[in-house]
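Okay, thanks for coming, everyone. I'll walk through one structure today and stop at the places I'd like you to look at on the screen.

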Amino acid sequence: MADQNESFETKDFGWLVAMSILFLLLVVICFWREFSTEWGPYQRQFPQLLGHYGKGEDARNFQPGIQQIWIPKIGVTDRCVTCHLGYEWSSVLPATIAEPLKPHPMNDWIAKHEFAKFGCTPCHGGDGAATTVAGAHQGGRGWDDPMLSNALAAQNGLTMNEMIQLRCNFCHRHDAATPGMDQINLAKVLFKKKKCLLCHVVESRGGATGPELTYEGDRNPELLNFAHVTGDHTMFNWNVQHLTKASAVSPNTAMPDFNFKPEESRALTLLLLSWRRLTYPPEYIPDPQVAVAAMQPSPTSTATPTPTATPVARAFRQNGESMKSKVLIFAVGATIAFSQPALSADNDIADGHRYFVRYCASCHGTDALGDGPVAKSLATPPANLRKLGDKYGMPLPAHRIAELIDGRDTARAHGSHEMPVWGEKLYELGQGEEGEKGIGDVIAKIIAYLNTIQDRRTAMR
């Protein structure tokens with residue numbers, strides 16, 4: 001019996017020694033990982049730099065470890081400063097110090113965007129919570145917001161200054177023009193000049209012919225067709241080539257070929273990709289009027305004046321409330337200067353004109369002459385709706401015209417066979433929330449508006 005107990009004790013002792021060695025090995029690995037981090041050498045070097053440049057007390061008070069800028073109100077946890085320790089020491093450390101201890105360049109823009117309020121990633125991108133170079137710069141699996149870099153900018157035909165304007169526009173989206181954002185300013189001018197809102201909805205305004213662009217920057221590139229795209233299969237490259245020549249990238253598209261210059265296509269792509277579903281607090285959103293004032297030349301300047309704020313920007317100052325509180329529902333910050341006919345005070349006619357611009361003008365034109373921006377890409381030219389009275393008489397037979405617009409229960413006698421079946425389309429666009437009555441109301445108001453624009457010679461018969 002004693003021999004048996006001794007045998008068990010011998011076995012237990014062996015297991016105890018093995019487990020102790022394993023535990024000791026794990027402790028050694030933990031200490032090794034703790035003191036061999038990528039950021040460790042930088043944190044040991046930083047106090048020496050401070051001391052060398054006359055900041056001995058700051059050097060002695062430096063506490064090594066994970067550093068971070070935490071801003072809960074905008075969801076920022078940026079540990080970039082664990083390595084980039086010199087970011088706010090530009091008044092002490094020279095700019096010749098190598099990264100990552102090099103101080104952040106200071107200029108007028110940085111002075112208006114305090115590190116403690118904005119952090120790093122809202123402007124530079126990347127994964128702020130990471131503590132490795134690869135993780136912070138590229139992100140982990142499925143991360144689609146890499147840090148901006150000179151290499152990434154060059155890959156897309158841009159400079160770093162041009163690419164970062166995309167992220168500036170997260171907050172400056174509703175500025176008519178913003179100082180220092182030449183690419184975005186150019187894109188906003190082009191967007192208005194080409195009347196993109198005729199076909200695309202942006203923040204509840206615009207036509208319904210093309211896809212909505214309100215949050216185009218959030219679109220998943222896996223949903224795009226890259227079959228006709230040359231080069232990198234990225235969201236940026238797809239948009240650049242699509243804007244340059246839409247028919248080459250999407251052969252069946254109704255979008256015209258605008259044949260933008262490469263720099264124009266890149267600028268517009270930066271603008272589109274800056275439109276993301278971001279909910280910054282009102283205090284982060286600049287007043288567009290301030291940006292407009294900053295763009296104006298001084299009284300002694302001879303520079304060419306920049307465009308002033310649009311009527312939409314001014315109109316959103318309601319009841320003394322700041323534009324900032326309206327940012328989530330404010331439109332693009334620009335309205336298309338349509339040549340609009342004088343409207344009756346009747347609400348139905350006014351609503352009908354609004355619906356016409358949204359749903360019909362992309363093909364039929366803002367003046368209903370059949371000359372909309374999409375018309376050239378259609379096999380059969382859209383009808384001149386000012387001549388409907390010639391065919392159907394005046395006033396227009398509401399029931400007949402409603403059937404033609406609805407399109408669900410009648411042949412496509414009106415316009416080309418490419419005309420949408422609006423009875424179905426209006427359901428998709430949310431107008432059918434009240435059932436047939438909701439769709440019928442929209443169509444009835446469009447018809448009321450069409451009655452007011454018929455050729456006067458027809459109306460006098």
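Let's start in helix 19, where I401, L404, I405 and D406 are buried. Keep in mind that this is a predicted model. Right after helix 19 comes G407, with a positive phi of about 75 degrees.

Stay with helix 19 for a moment, because R400 and E403 make a salt bridge there, with their closest N and O atoms 3.6 Å apart. How far apart are R400 and E403 along helix 19? They're three residues apart, so about one helical turn separates them. R400 is partly exposed, at 29% relative accessibility, and E403 is partly exposed as well, with a relative accessible area of 30%.

Now back to I405, since that residue also turns up in the lining of the largest cavity, along with Y359, C360, W422, L426 and I446. The volume of that cavity is about 40 Å³. What classes of residue make up its lining? Six nonpolar residues, with no polar and no charged ones. For the whole model, the count is two cavities of 30 Å³ or more.

Next, the second largest pocket. It holds about 770 Å³ of space, and 26 residues line it, with D144, D145, P146, M235 and L273 nearest the centre. Helix 8 (150-155), helix 9 (160-172), helix 11 (235-244) and helix 13 (262-274) each give two or more residues to that lining. Which helix gives the most? That's helix 9, with four residues. By class, the lining of this pocket has 12 nonpolar, eight polar and six charged residues.

D145 is worth a second look, as it forms a salt bridge with R167, where the closest N and O atoms are 2.9 Å apart. The two come from distant parts of the chain: R167 sits in helix 9, D145 sits in the loop between helix 7 (133-138) and helix 8, and 22 residues separate them. Are these two partners buried or exposed? R167 is buried, at 8% relative accessibility, and D145 is buried too, with a relative accessible area of 16%. The cut-off for buried is under 20%, so D145 at 16% still makes it.

Set that beside another long-range pair, D218 and R276, whose salt bridge has its closest N and O atoms 3.5 Å apart. Here D218 is in the loop between helix 10 (182-193) and helix 11, while R276 is in the loop between helix 13 and helix 14 (288-295), and the pair is 58 residues apart. D218 is partly exposed, with a relative accessible area of 38%, and R276 also counts as partly exposed, at 24%.

To finish off the charges: the count comes to eight salt bridges, and D351, R354 and K445 are linked in a network of them.

On to the backbone. Most residues other than glycine have a negative phi, and most peptide bonds are trans. With that in mind, have a look at these spots.

K195 isn't a glycine, but its phi is positive, about 55 degrees. K195 is in the loop between helix 10 and helix 11, and it's partly exposed, with a relative accessible area of 32%. A368, again not a glycine, has a positive phi near 65 degrees. You'll find A368 in the loop between helix 17 (361-364) and helix 18, and it's buried, with a relative accessible area of 0%.

Where are the cis peptide bonds I'd like you to check? One joins E99 and P100, with omega about 10 degrees, and P100 lies in the loop between strand 2 (76-78) and helix 4 (108-111). Another runs from M394 to P395, with omega near -5 degrees. P395 is in the loop between helix 18 (388-392) and helix 19 (398-406), which brings us back to where we began.

Last stop, the other end of the chain. W15, M19, L22, L25, L26 and I29 make a nonpolar surface patch of about 630 Å². L22, for one, lies in helix 1 (residues 2-35), and it's partly exposed, at 42% relative accessibility.

That's my tour; over to you.

Notes
Residues are numbered from 1 along each chain as its sequence is written. This is a predicted model: local features need pLDDT of at least 70, side-chain atom pairs count only at pLDDT 80 or more; totals for chains, interfaces and linings use all residues. Side-chain values use heavy atoms; hydrogens and water are left out. Patches are made of residues with over 30% relative accessible area and no salt bridge: like charges are joined within 9 Å, nonpolar side chains (Val, Leu, Ile, Met, Phe, Trp, Tyr) within 5 Å. Accessible areas come from the Shrake-Rupley method with a 1.4 Å probe; for residues, only the protein chains shown count as cover. A salt bridge is a side-chain nitrogen of Lys or Arg within 4 Å of a carboxyl oxygen of Asp or Glu. Buried means under 20% relative accessible area, exposed over 50%, partly exposed in between (1.4 Å probe, protein chains only). On a 1 Å grid over the protein atoms alone, a cavity is a set of points where a 1.4 Å probe fits but cannot get out, and a pocket is an open set with protein on both sides within 12 Å along at least five of seven lines; lining residues have an atom within 4 Å of a point. Grid points are joined across faces, edges and corners, and a volume is the space filled by probe spheres set on the points. Ala, Val, Leu, Ile, Met, Phe, Trp, Tyr, Cys and Pro count as nonpolar, Asp, Glu, Lys and Arg as charged, and the others, Gly among them, as polar.
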